[in-house]
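Got your viewer open? Let's take a walk through this one together, stop by stop, selecting pieces as we go.

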Amino acid sequence: MNATTTKRFQLTPFQTWLGILALFMVAGVVAGVLIFFNGLYLTNLNDLVPWGLWITVDLSAIALSAGAFLLSAAVYLLGLKQYQPLARTAVFIGLIGYSMAMLMLLLDIGRPDRFWHAMVFWNLHSPLWEVTMCVILYFSVLVMEVAPIFGQAEWFQKRWPGLSHKLEKVHHIAPVLAIAGLGLSMLHQSSLGATYGIMKARPIWYRPGMAVLFIVSAMAAGPALTLLASSLSARFTRRAVVNDKLIDGISYFIGWVLAAYLYLRFWDMLAMSYTVEPGRTEGLRVLTRGQLAFNFWIGEMLLGVVVPMIILLSGRLRRYPILRTTALFLVVGGLVAYRWDTNIVGLTVTMTSLPSQLAPLYTTYTPSLIEWVTALGVIAYGLMAFTLGVRYLNVVDHRESLEAVVTEKPFSFFGSSVF
Amino acid sequence: MSTTNSLGRRNFIKLALVGSAAVIGAQALPKNHHSEAEGDSPHRWGMVIDLEKCIGCNYCTLACKAHNDIAPDVAWNKLFETGEINGKMHYMPVPCQQCEHAPCVDACPVKATYHRADGIVMMDYDRCIGCRYCEVACPYGVRSFNWKEFDGENPLVPMWGTPEVERRPRGVVEKCSLCYQRIDRGLAQGLTPGVDEEATPACVVACPTGARVFGDLNDPESPVNKLLEENHITRLREDLGTEPRVYYIHAHFDKKSEEVCG
């Protein structure tokens, strides 16, 4: 009797993992409810720093979902069909990433009941409006891109054969979805940078390169997360099967994107030091020599770009799975550090508006416990969704059998084949 | 094959039509004040603040907080100490600058902040989603988010005035509206804003030294235009091109010499 009880309560590693995630999610929900009913004064945000940890989660979740549009475009527009299994993983991660961002935003805005206002009350001048619309539209695209994954799952087919057949058929418009996804992503991944870039009240943000830097960094880190999640899944469960060739190919691509990003970032930073400009110069100092210096030099540049760039561009180093996986992890971390630093450096250095006396003022921001608990809750939700996807939807599977689905029929739209 | 395709096409077109109709319908729904173009009004309200006359008593802020029913930890009008000149402390009150090219109006994703026909930068508290992008965008730091519900009594009422506008809910951004309610009510009664107290912003009326002057920038005879002609005028952060409609008269070393100083 005793023996059986112990056996029954023996948790598998999988169950333990889900249990831990569930705990974080429950804590996040409790904290979220507290904020919904009491207000945002429970956070460490204030009128000087109105955006903080949560906006970093939003920006990072969206940027790290960029694998979806890139890999879909590669497979369905460039015809690199062999990467189809990776695109499958990427769109699934994309769906999770965008839902994480929307969840976090719902908590961040003061009136979550009015989240739909941007759809009805348009301000064409606002990059944030454009981002909101693109995120909503792209989320719909992702839902359709993920539909065949559900349609192909065995348990789904058994339970709802009719529906699963319909969902599977959505696959035929994959190229259209890829075009829509590419367009929408190019727009909002860049505009998220422009959201900061147009702020003339914040001199360190007010520069033309922000949009470009945001999308290029997302183009490196988005696929990096797709590969990282795939490799780690294959390491922990037999349900995930990866093809090393595919991982290697995209890793090499990421290495080049990192090189491009490093180049753009270098000149962007250097150009900001050409003249002394009140607010910008001080911001630059905070970033390179002040409280954000470690984040910037070590987190963003050395570990986030230079080290993984060397590993991913070198065929010899890239061959070691442990090095490659570490590099991919560093790219993801570097992106989060970049988004965090960007937000904080612009908000913690503010300008006085006294007529002949443009003086910068400094403030600080450290997220409160409740901000951390809710943010970790959202991240735990993302990990949970991906884990379940690997387990029950076969989202990481690089075996040949799946590729057949793509090549089976040429794409046709409006009666004639366009691709 | 071709039949299925043509059916698919027809359905697709139908769907597209329904979709665009829904979007157009949604656009047409909110027919309200936001559709008014700026400049449709004969008036263009502005304010002049004389920094030489300001004694830093903060009456303006207190009257503002009572008339607009503002929470104790929020202020639409902010007062800064700017330093001593000739042994006399100088101050600078900063209300919303009512920019002609307001960064907040461009930033707001839902047009909850907008220009009224007479140029006042307004807030639609029923529309604001509380994203705080306008706060990030404002170069003057005059916007406040309602982090907490203001449900207690206003300690400044009735000493400094009685509320004339609805209290804002938690979760929206609020700011100075040039007491539009006083202007509108006054105009309806045939009064002249800036001349008749009932039609003039509460901060202007409360100022004991006459440091604040309000009026119509379109009216050459208005008190604001006279001051603008006679004095050295500055606006805050003119380098940003926001074209504020709040003007400042410099504090002087010595009244007679008219030497300009910050």
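**Stop one: a sheet in chain B**

Select chain B and look for an open sheet of four strands, in the order E8-E1-E10-E9, with mixed pairing. Strands pair here if DSSP finds at least two bridges between them; helices (H or I, at least four residues) and strands (E, at least two) are DSSP runs, numbered from the N terminus. At the edges sit strand E8 (212-216) and strand E9 (233-234) of chain B, each pairing on one side only.

A quick note before you click on: this is a predicted model, where local features need pLDDT of at least 70 and side-chain atom pairs count only at pLDDT 80 or more, while totals for chains, interfaces and linings use all residues. Residues are numbered from 1 along each chain as its sequence is written, and chains are lettered from A and ligands numbered from 1 in the order in which they are written.

Now pick residues 45-50 and 246-249 of chain B: these are strands E1 and E10, which run parallel and are joined by four bridges. Which residue of E10(B) stands opposite B:Met47? Click on B:Val246 to see that partner.

Next, add residues 223-230 of chain B. This is helix H7 of chain B, lying across E1, E8, E9 and E10 and running at about 115 degrees to E8(B). (Axes are lines fitted to C-alpha atoms, for helices over the stretch in contact, and angles run from 0 to 180 degrees between N-to-C directions.)

**Stop two: a hairpin**

Stay in chain B and select 78-85 and 88-94. Strands E2 and E3 of chain B run antiparallel there, with seven bridges joining them. B:Leu79 stands opposite B:Pro93. Two residues lie between the strands of this hairpin, and B:Asn86 takes a positive phi near 50 degrees.

**Stop three: where the chains meet**

Show both chains. The contact takes 34 residues from chain A and 47 residues from chain B, where contact means C-beta atoms, placed from the backbone, within 7 Å. On the chain A side, helix H6 (117-120) and helix H7 (127-152) are the elements that give two or more residues. H6(A) gives the most, with four residues.

**Last stop: all of chain A**

Zoom out on chain A to find 18 helices and two strands. Its C-alpha trace spans about 75 × 60 × 50 Å along the principal axes of chain A.

Definitions and conventions. Two residues are in contact if their C-beta atoms, placed from the backbone, lie within 7 Å.
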